[in-house]
Protein chains: 2
Amino acid sequence: MTDDADKPVFHFTPQRNWMNDPNGLVYLDGVYHLFFQYNPDGNDWGNMSWGHATSTDLLSWAEQSLALPYTQDEQIFSGSIVVDHDNTTGFGQDGVVPLVAIYTRVTSNAVQAQALAFSLDRGMTWQKYHANPVLDRNSSAFRDPKVFRAADRHGRERWVMVAVEAEQRMLLVYSSHDLIMWAYESTFGPFGDEGVVWECPDLFALNLNGDPSHPRWVLVLSTNKVPDHDSAAFSFTGHFDGHVFVADDAETWRPLDYGRDFYAAVSFANTPDACRIILGWANNWQYAADAPTYPWRGAMTLPRQLELTETGITQNLPAVTEEALPAEPSQTYQADHLEGPVIFDAGRHYRFRLTCTLDDAAEVSVGLLSGAGMPAAVLHYAAGTHTLSFERTRSGRNEFHPRFAEVSSVRLPSSSSPSPSSSPQSLSQSLSHRLELDIFVDGCIIEVFANRGADTLTMQAFSAPDAREIVLSADGRAPIRARVELYDLTQITVANSRMLMLENVAGPPSE
Amino acid sequence: MTDDADKPVFHFTPQRNWMNDPNGLVYLDGVYHLFFQYNPDGNDWGNMSWGHATSTDLLSWAEQSLALPYTQDEQIFSGSIVVDHDNTTGFGQDGVVPLVAIYTRVTSNAVQAQALAFSLDRGMTWQKYHANPVLDRNSSAFRDPKVFRAADRHGRERWVMVAVEAEQRMLLVYSSHDLIMWAYESTFGPFGDEGVVWECPDLFALNLNGDPSHPRWVLVLSTNKVPDHDSAAFSFTGHFDGHVFVADDAETWRPLDYGRDFYAAVSFANTPDACRIILGWANNWQYAADAPTYPWRGAMTLPRQLELTETGITQNLPAVTEEALPAEPSQTYQADHLEGPVIFDAGRHYRFRLTCTLDDAAEVSVGLLSGAGMPAAVLHYAAGTHTLSFERTRSGRNEFHPRFAEVSSVRLPSSSSPSPSSSPQSLSQSLSHRLELDIFVDGCIIEVFANRGADTLTMQAFSAPDAREIVLSADGRAPIRARVELYDLTQITVANSRMLMLENVAGPPSE
């Protein structure tokens with residue numbers, strides 16, 4: 001399919017050039033729209049514009065023409081899109097519901113301010129609002145507006161924007177009735193370490209255990225450390241009254257993902273059944289500019305539907321995505337007493353589901369993208385400490401940046417227990433005896449969903465084209481009961497794209 | 001269990017010293033007795049005596065004390081044992097049924113003649129008949145008597161002996177009422193290539209498709225070529241009227257096994273339900289003396305129960321052996337489209353069941369005892385030509401003899417179709433789409449049962465102690481649907497020996 005062995009097939013990458021943050025994620029009339037920070041002119045950051053891609057399953061993406069190109073006077077930084085069902089902006093014409101993009105424009109004076117553009121043809125073409133910007137603090141780091149509907153304390157719905165003063169480590173909340181006139185509401189922060197830049201906020205409600213009578217609010221925030229630019233995404237649970245966000249524990253920065261390549265995650269607007277689905281940029285500012293790919297650079301993560309349980313946020317594939325994946329594994333494996341290595345010829349695009357039963361003395365490792373006996377990435381789980389770690393130090397093209405070949409690790413379960421009714425001890429005991437890893441490998445992108453999405457871990461690994469093996473082994477002093485299901489996804493997007501072409505016949509604009 | 005990584009655990013080997021042909025195979029009172037050509041004094045051929053081992057499942061063997069030691073005047077060459085239920089010999093005392101061994105004695109004048117010994121304690125101790133030999137042709141190559149009951153043409157049962165004039169390539173048939181006085185009946189041969197020595201004949205009836213009204217006779221014969229001593233075992237189907245054996249086709253030497261290490265196979269006497277179970281010596285005279293093992297040298301094959309179908313003899317494990325093997329695999333694997341290699345950490349003692357569905361362009365290979373990517377033995381099946389081949393040329397300790405590292409191959413199905421009612425074409429078509437290999441690896445012994453015992457292939461392979469892997473791959477132009485069940489047999493004989501000790505409590509002699 002591609003001669004580029006690192007290129008993902010079921011994670012979105014542009015055909016060519018630099019990409020970073022997902023922008024303007026919105027669902028409309030059966031199609032998921034992904035816009036993204038994009039350099040139309042090169043493989044490095046710059047000339048920031050919004051690229052565009054569409055999908056019906058969040059797995060097979062069709063790249064569309066450039067949505068919002070940079071101009072000599074304006075770069076198009078990150079932002080969000082809303083469906084203005086009630087035409088609050090007046091951008092709608094002849095009953096067509098407008099899509100409205102709220103983006104950060106960066107002008108030649110380096111001021112970052114929020115601006116609007118709208119589309120009347122389902123996101124394919126865009127016009128900028130004639131009186132941009134709509135919100136300007138004369139700041140050089142006021143950016144990443146995420147806009148959603150929320151009721152004020154009197155129960156009246158209106159638009160709410162969260163955006164950051166990035167360098168001041170502040171989340172700013174604004175409200176508006178028309179997306180044009182904005183009123184300041186509140187500030188969250190500064191918190192956490194100095195010398196950290198905040199970016200790409202998102203704020204949304206999740207129903208605890210799916211119960212609509214128990215909504216809780218979740219703030220998602222990405223941070224980029226200075227000076228080394230190590231970047232990651234975090235979540236805070238808390239309360240939002242439509243005006244002010246109060247975190248349950250602002251001191252605890254809970255990573256949304258425990259890998260090193262998960263950043264700028266934000267959620268889709270207007271999703272069916274109000275599912276909260278996020279995409280992230282599978283990269284780290286620390287070394288993103290050096291990532292050894294060409295002519296494309298940067299990929300999105302898989303879509304993740306967030307749900308909230310007593311023990312924290314879970315992230316799993318949305319149903320629409322699961323349904324697009326093969327139901328039957330192409331290879332299965334089972335061992336009552338796994339000891340030495342078992343090696344699968346898995347290719348470079350697959351889903352590897354591993355279920356282990358193991359005791360405290362057991363350790364299991366999964367070498368991925370292994371060739372000639374050397375895995376480009378290794379997942380390792382030590383049952384005694386419940387620690388899942390990930391390293392890409394052994395082989396592969398890992399020398400392009402001195403900080404790339406580091407180890408990530410997470411103690412499972414990482415989630416705290418917000419409710420005293422759950423017993424951390426029994427949870428810990430049960431997890432010491434069972435581990436479920438749902439691992440997606442897609443060229444250079446590795447995403448791990450541990451224990452049904454209780455924790456995730458996203459990492460890039462650049463390997464030789466013939467690094468096709470999975471090496472599964474018990475490393476500890478105790479054998480492991482293991483079950484494997486391996487799904488070949490090499491062809492998945494070819495098949496799905498074909499369906500997409502059949503199904504996604506252009507219809508009349510949404511009215 | 002053993003520091004000797006080549007030593008089998010579920011194939012019989014003596015604890016120390018040289019072993020070759022199985023002798024005196026007999027079942028009595030729940031115990032299978034294996035006697036064998038044995039040098040009590042060294043690791044090379046010589047000082048030939050009968051060793052002794054017992055088993056209840058033909059898998060876990062307990063080595064017993066030396067049964068028939070050589071003396072200064074007499075070496076004890078191969079032969080058979082019968083249960084003299086009717087005390088035709090008069091060796092029985094006080095109602096005890098004697099076991100009678102009919103063996104070839106070789107005296108210092110180099111004459112080979114048939115002699116008797118008997119046991120009144122279930123084979124544990126032996127007395128030689130005082131008037132040996134009982135059958136002497138003053139020949140230097142008259143040996144390997146196999147004795148059984150058969151009716152004469154008047155329907156009267158008596159003892160029948162088949163033995164060989166080895167260098168004259170003749171099978172001699174004698175009869176006796178008391179095992180002492182023998183009458184010449186007939187000669188089969190000479191046939192086949194000159195310069196071949198015939199050895200270890202066996203003659204028995206198999207019921208076609210298990211139907212007692214359709215018995216057919218099978219002659220099993222081992223041959224040893226001169227001068228290179230390449231040795232193998234063959235079978236002929238035919239007719240035996242109690243006096244004369246007539247082969248259906250004396251020109252067609254059908255190998256009993258398509259490997260290079262299957263010799264001197266003979267069957268057990270007195271088995272329950274008249275099962276015909278054979279054991280062979282898993283070796284080849286060509287290089288047996290150089291086999292790089294110490295302090296033992298030589299192993300028996302697994303027991304094989306013979307059955308006769310329209311398309312030939314099948315060889316499968318007896319039920320008593322199957323029942324002693326684990327029912328649940330320790331590892332399983334399944335692939336819809338096997339392509340590149342899948343590697344299992346299998347250890348050095350296991351059963352590997354592979355079922356493939358494949359088309360004519362497909363080839364599958366199974367590397368066994370592989371370490372550091374190099375298999376000591378490789379099974380390869382080319383579906384287009386139905387050819388199963390086996391080679392041990394790539395690695396391992398294969399340089400001890402120049403002829404060891406050769407390739408064996410068999411076209412599947414190898415069996416002819418004696419009955420016109422079966423359709424070779426449809427059989428061939430079905431086999432081109434399905435392959436079943438039941439592979440036993442046990443230290444240095446590899447035994448393959450192909451397509452439910454339609455063909456077997458036994459080979460030795462001497463490998464490094466850390467050669468623990470199975471490498472399964474599709475080599476051809478077409479992918480393969482494959483299912484694997486892997487049973488770890490490292491501990492099998494420990495468990496079974498424990499049961500043996502519990503069950504095999506000495507009781508009174510059989511009466």
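Visitor: Which residue in β22(A) does A:Ile277 stand opposite?
Guide: This is a predicted model, where local features need pLDDT of at least 70 and side-chain atom pairs count only at pLDDT 80 or more, while totals for chains, interfaces and linings use all residues; side-chain values use heavy atoms, leaving out hydrogens and water. Residues are numbered from 1 along each chain as its sequence is written, with chains lettered from A and ligands numbered from 1 in the order in which they are written. Strands are DSSP runs (E, at least two residues; helices are H or I, at least four), numbered from the N terminus. In β22(A), A:Ile277 faces A:Gln305.

Visitor: How many bridges join β20 to β22 in chain A?
Guide: Two strands pair if DSSP finds at least two bridges between them. Strands β20 (residues 277–281) and β22 (residues 304–309) of chain A run antiparallel, and the number of bridges joining them is 2.

Visitor: And which residue of β23(A) stands opposite A:Gln305?
Guide: β22(A) is also joined to β23 (residues 312–316) of chain A, antiparallel, by 5 bridges. A hairpin links β22(A) and β23(A) through 2 residues. Across from A:Gln305, in β23(A), stands A:Asn316.

Visitor: Over in chain B, which strands stand at the edges of the open sheet, each with a single partner strand?
Guide: This open sheet has 5 strands with mixed pairing, in the order β4-β3-β2-β1-β21. The strands at its ends have a single partner each, so one side of each is left without a neighbour in the sheet. Those edge strands of chain B are β4 (62–68) and β21 (296–297).

Visitor: What stands opposite B:Tyr27 in β2(B)?
Guide: Look at β1 (residues 17–28) and β2 (residues 31–38) of chain B, which run antiparallel and are joined by 6 bridges. In β2(B), the residue opposite B:Tyr27 is B:Tyr32.

Visitor: Where does A:Pro190 sit?
Guide: Follow the chain to A:Gly189, whose peptide bond to A:Pro190 is cis, with omega near 0 degrees. A:Pro190 is in a loop of chain A, the one between β13 (183–188) and β14 (196–207).

Visitor: Where does B:Pro133 lie?
Guide: The peptide bond from B:Asn132 to B:Pro133 is cis, and its omega is near -5 degrees. B:Pro133 belongs to a loop of chain B, between β8 (127–128) and β9 (135–139).

Visitor: In which strand is A:Asn138 placed?
Guide: A:Asn138 has a positive phi, near 55 degrees, though it isn't a glycine. Its place is in a strand of chain A, β9 (residues 135–139).

Visitor: Now the two chains together: how much area do chain B and chain A bury between them?
Guide: Counting contact as heavy atoms within 4.5 Å, 17 residues of chain B touch 17 residues of chain A. Buried area is the accessible area (1.4 Å probe) that two parts lose on being put together, summed over both. Carbon and sulfur atoms carry 43% of that area, and the total is about 1300 Å².

Visitor: Which three residues supply 32% of the area that chain B buries against chain A?
Guide: No other three residues of chain B supply more of it. The trio is B:Thr332, B:Ile343 and B:Asp345.

Visitor: Which strand gives the most to the side of chain B that touches chain A?
Guide: Two strands of chain B, β24 (331–338) and β25 (342–345), each supply at least two residues of that side. The one giving the most, with 7 residues, is β24(B).

Visitor: What is the bridge partner of A:Ala335 in β24(B)?
Guide: Strand β24 (residues 331–338) of chain A runs antiparallel to β24(B), and 5 bridges join them. Within β24(B), A:Ala335 is partnered by B:Gln331.

Visitor: By what turn can chain B be laid on chain A?
Guide: The copies are superposed by least squares on the C-alpha atoms of residues with pLDDT of at least 70 in both. The fit has an RMSD of 0.0 Å, with a shift of 0.1 Å along the axis and a turn of 180 degrees.
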